[in-house]
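Subject: Structure handover

Hello,

Here is the structure I said I would pass on. My notes on it follow below.

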Amino acid sequence: MVRLTLEWGTVVGFPVRVTIADIAPRTALQQRYWDPALTEPAQWNPVLEALHSHRSVRRYLPDPLTDETLDVLVSAGQSAATSSNLQAWSVVAVRDPDSKARLAALAGDQAHIIEAPVLLVWLADFARVRQLAGDRGAPIEGADYLESSYIGFIDAALAAQNAVTAAESLGLGTVFIGALRNKPEEVAAELGLPPHVFAVFGLVVGQPHPDADAQIKPRLPRAAVLHHEKYDLPAQRDHVDAYEGRIAAFYSAQQLEHSWIERVLDRLASATRLNGRDRLKESLIRLGFPLR
């Protein structure tokens, strides 16, 4: 049982201050929106429970990930949708401690990359299809266009998310590592990537440490992201303000003081805050993605 005071601020349609005392342990759905009033819909099932329970884990036990488990995660990834069945992605499983340490340094010294047994690096991969074309003397001009690069990035993301769901169904923890894009050329060199292959992001996978204390982080209200028939930007203000109060209460329960709005604006305030990713277009071109 917990006792919480939620500070909402002044928001149309919401009270300025709400006190919630002696709340029973919340469901995954309630935690996802930090709203104890939500009830699970009639069609709720274990798959929905697993999806809503997703959380990022940043502390791991050293227990190895077996080849059998890795194969299951990859086959789950391959079961995701892929544009025109191009399957324009690959993944590199990095277990070697020295390689993980070097990749961790390139990604801002994130300790969980070293701590966990494996780092999966998901790739937009056009080397395979270009090799097919070269072997057959076939034209492949369409691979030079921005649309094709999108396909590789999207396919990799869809596959990785499937792998996350599979890993969590096995009791494993995960966390995405977007910071591999801080230094794409160095990451490519570390992984021995040929031209036309780009490391989109990493995914740490392993057995969560008992002290990891990973929490389900609240998301924006569904009304802020779900539009009906037409996009309605002005209507989002109240929902975003309400979310600012709810996620502040979430952080407060963890003895943290954060403003989601301030963090978002700070993250996008300047090119410097992109930590090297402001040169992503240049990196893509250097690694074989013409982006025509």
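A salt bridge, as the term is used here, is a side-chain nitrogen of Lys or Arg within 4 Å of a carboxyl oxygen of Asp or Glu. R273 and D266 fit that description, with their closest N and O atoms 2.9 Å apart. Please keep in mind throughout that this is a predicted model.

Salt bridges

In the pair just named, both residues are partly exposed: R273 has a relative accessibility of 29%, and D266 has a relative accessible area of 38%. Elsewhere, salt bridges with shared partners connect R130, E141, D144 and R292 into one network. A search of the whole structure gives 12 salt bridges.

One of them joins D144 to R292, with 3.7 Å between the closest N and O atoms. This pair connects distant parts of the chain, 148 residues apart: D144 sits in the loop between α6 (127-136) and α7, and R292 in the segment after α12 (280-286). Are the two partners buried or exposed, or something in between? D144 is buried, at 17% relative accessible area, because the limit for buried is under 20%. R292, at 48%, is partly exposed.

Another salt bridge is formed by the side chains of E185 and R279, at 2.8 Å from N to O. E185 belongs to helix α8 and R279 to the loop between α11 (260-267) and α12, so this pair ties together parts that lie 94 residues apart in sequence. R279 is partly exposed, with a relative accessible area of 24%.

The chain as a whole

The protein chain has 12 helices and 6 strands. Its C-alpha trace spans about 70 × 45 × 40 Å along the principal axes. The chain has 292 residues, of which 39% count as buried. Taking contacts between residues at least 6 apart in sequence, 72% join residues at least 24 apart.

Nonpolar cores

In soluble globular proteins, nonpolar side chains tend to be buried together. The largest nonpolar core in this model has 54 residues, and those with the most contacts inside it are L103, L119, V121, W122, I177, V204 and V205. Which elements give two or more residues to this core? They are the helices α3 (67-78), α4 (97-106), α7 (146-169) and α8 (184-191), together with the strands β3 (89-94), β4 (118-125), β5 (173-177) and β6 (197-206). Another core, of 6 residues, lies apart from this one; W34, Y243, A249 and F250 are among its members.

I177 is worth a look on screen. Setting aside neighbours within four places in sequence, I177 is in contact with A107, Q110, H112, I113, L119, F201, G202 and V204.

Two threonines

T174 is placed in strand β5. T174 is buried, with a relative accessible area of 1%. Neighbours within four places in sequence aside, T174 is in contact with H54, R55, S56, V57, Y60, V164, A167, E168, L203, V204 and V205.

T69 lies in helix α3 and is also buried, at 18% relative accessible area. Beyond its neighbours within four places in sequence, T69 is in contact with L170 and L172. The C-alpha atoms of T69 and A167 are separated by 8.4 Å, while the two residues are 98 apart along the chain.

The largest pocket

The largest pocket has a volume of about 1,100 Å³. It is lined by 32 residues, of which S56, R58, V175, K217 and R263 are the closest to its centre. Which element gives the most to the lining? That is α11, with 5 residues. The elements β5, α10 (236-253) and α11 each supply at least two lining residues. Sorted by class, the lining has 15 nonpolar, 7 polar and 10 charged residues.

S56 links two of these notes: S56 is among the residues closest to the centre of the largest pocket, and S56 is also in contact with T174. Strand β5 likewise appears in more than one place, since it gives two or more residues to the largest core and at least two to the lining of the largest pocket.

Regards

Note on methods:
Residues numbered from 1 in each chain as written. Predicted model: local features only at pLDDT ≥ 70, side-chain atom pairs only at ≥ 80, totals over all residues. Heavy atoms only, no water. Core = buried A, V, L, I, M, F, W, Y, C linked by side-chain atoms within 4.5 Å. Buried < 20%, exposed > 50% of the residue type's maximum accessible area, 1.4 Å probe, protein only. Helix = DSSP H or I, 4+ residues; strand = E, 2+ residues; numbered from the N terminus. Contact = heavy atoms within 4.5 Å. 1 Å grid on protein atoms, 1.4 Å probe; cavity = no way out; pocket = protein on both sides within 12 Å on 5 of 7 lines; lining within 4 Å. Points joined across faces, edges and corners; volume = space filled by probe spheres on them. Nonpolar A, V, L, I, M, F, W, Y, C, P; charged D, E, K, R; others polar.
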